[in-house]
Amino acid sequence: MNIDYKALAEKYGTPLYIYDFDYIENRYTTLKEAFAGKKSLINYAVKANSNLSVIAHLAKLGAGADCVSIGEVKRALEAGISKYKIIFSGVGKRDDEIRMALEYDILLINLESEAEMKRVEQIAKELGVEARISVRVNPNIDPQTHPYISTGLHESKFGVEIAMAKRMYIYAKKSEFLNPVGIHFHIGSQLTNLEPIREACGIVADLVRSLKAIKIDIKFFDVGGGIGVVYDDEVTITAKEYTEAIFAMTKGLDVTLLCEPGRYMVANAGAFFTKVLYEKLNEEKRFVIVDGAMNDLIRPSLYSAYHKIEAVEKEGEKTPADVVGPVCESGDFFGKDVQLPPLEHNDLIVVHSAGAYGFTMASNYNTRAKSAEVALEGGEDRLIRKRETYEDQVRLEREYLVK
Ligand SMILES: *Cc1c(COP(=O)(O)O)cnc(C)c1O
């Protein structure tokens, strides 16, 4: 497809997120097909990109949702995901969030501690309902990735150890208000190696076998998210390799397989477009200053994440430059020593692979308005979120202003 990004940048303004909905569909279908022959449900991890139109697009394809706040649950429902395809995970849930999740009657509440189980039981009792629950097990696997995004080790705040999980299932089985039907793990993000997934799957499958032996019938086996994607030149896992590893490790178990991909679905569907304000030379150092900033896309600042950066339709001899935003922080950059041609005011820069953890991590730091978001589908472009205004930002403060 030949897309005129310059025209889109003119039409919608910059900074701007553009998502290729056909790519998202292709990713979903590829993964779903890799599960062929097994009972499966793909629960899109809403936190990766929670735009209502993105979720709705996946809902139409049959996806479920993995949510980490009641806000995300509401987004999933509003976007048309069936309540029986929604999971509520997360290491801390407020009472009101638990109550609403029970009232919405979603598929599963995923428990991350014994204390949380007791809260859910108490609230289910107050409502006179039985809560369908799963327990997030921490299989103590090192996913061999960045420490900030690895979650499956004992030192991590997520999940519970195997022995504790077993105690929780036994308790839940006896409770009038808890129905333990699922098991869950999620060992980390941007996994490019199958081994940790295989290992975790094996450990958790053994636990399921021992639970089934004592009549605790686990129906949903949730392998979490984390399938790695290509940002640079990574060699990552294919959908087929992923599901075959899961099939091998869960052999003989009568369960519905759930997975919760976020990044895999949307990272490479999205790009972030920003315009050059000016170039600046400090001694030998070249800076390209753009109108987007860390408040729009924080991954480079937060995780030193790499994003491929290019100038759109611009020729010329390339030299290294740091691409930086206007925010008053030294950490405000998109890329360091990026090879770029000479650039002028209003030239367009694209930051690739920005569809996951891009807009959802955006903030209003420096009273910068959040960018607009645009969908491309079947050769057509359409706005899916308006650019924020100054008015939007002060709306909740203005009535309290004392002059
Ligand atoms: C963040 C998260 C995901 C999604 O991770 P990706 O790396 O984007 O696939 C899935 N499940 C849980 C519990 C998460 O916290």
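A polar contact here is a pair of N or O atoms within 3.5 Å. That cut-off matters for His-186 in this predicted model: an N or O atom in the His-186 side chain is 3.5 Å from a nitrogen atom of the ligand.

Two other residues also put polar atoms beside the ligand. For Lys-47, a polar side-chain atom lies 2.7 Å from a ligand oxygen atom. With Arg-263 the backbone does the job, as one of its N or O atoms lies 2.8 Å from an oxygen atom of the ligand. The ligand exposes 390 Å² when taken alone, and the protein buries 93% of that.

What about the rest of the surroundings? There are 14 residues around the ligand, and the ones that come nearest are Lys-47, Ser-189, Glu-260, Arg-263 and Tyr-357. Sorted by class, this shell has six polar, five charged and three nonpolar residues.

Zooming out, the domain assignment splits the protein chain into domain 1, made of 5–16 + 268–398, and domain 2, which runs over 35–261. Taken over C-alpha atoms, the centres of these two domains are 33 Å apart. Their contact draws on 18 residues from domain 1 and 16 residues from domain 2.

How big is the interface, then? The size of an interface is often given as the accessible area lost when the parts come together. By that yardstick, domain 1 and domain 2 bury about 1,400 Å² between them, with 49% of it on carbon and sulfur atoms. On the domain 1 side, three tyrosines stand out: Tyr-303, Tyr-306 and Tyr-357 supply 35% of the area buried against domain 2, more than any other three residues. Tyr-357 is also one of the residues that come nearest to the ligand.

As for what links the two domains, the count of salt bridges between domain 1 and domain 2 is zero, but seven residue pairs are in polar contact across their interface.

Terms used: Residues numbered from 1 in each chain as written. Predicted model: local features only at pLDDT ≥ 70, side-chain atom pairs only at ≥ 80, totals over all residues. Heavy atoms only, no water. Near = heavy atom within 4 Å. Polar contact = N/O pair within 3.5 Å; in protein donor to acceptor, adjacent residues only side chain to side chain. Areas by Shrake-Rupley, 256 points an atom, 1.4 Å probe, with all protein chains shown as cover. Nonpolar A, V, L, I, M, F, W, Y, C, P; charged D, E, K, R; others polar. Domains from an automatic or database assignment. Contact = heavy atoms within 4.5 Å. Buried area = accessible area lost by both parts, 1.4 Å probe. Salt bridge = Lys/Arg side-chain N within 4 Å of Asp/Glu carboxyl O.
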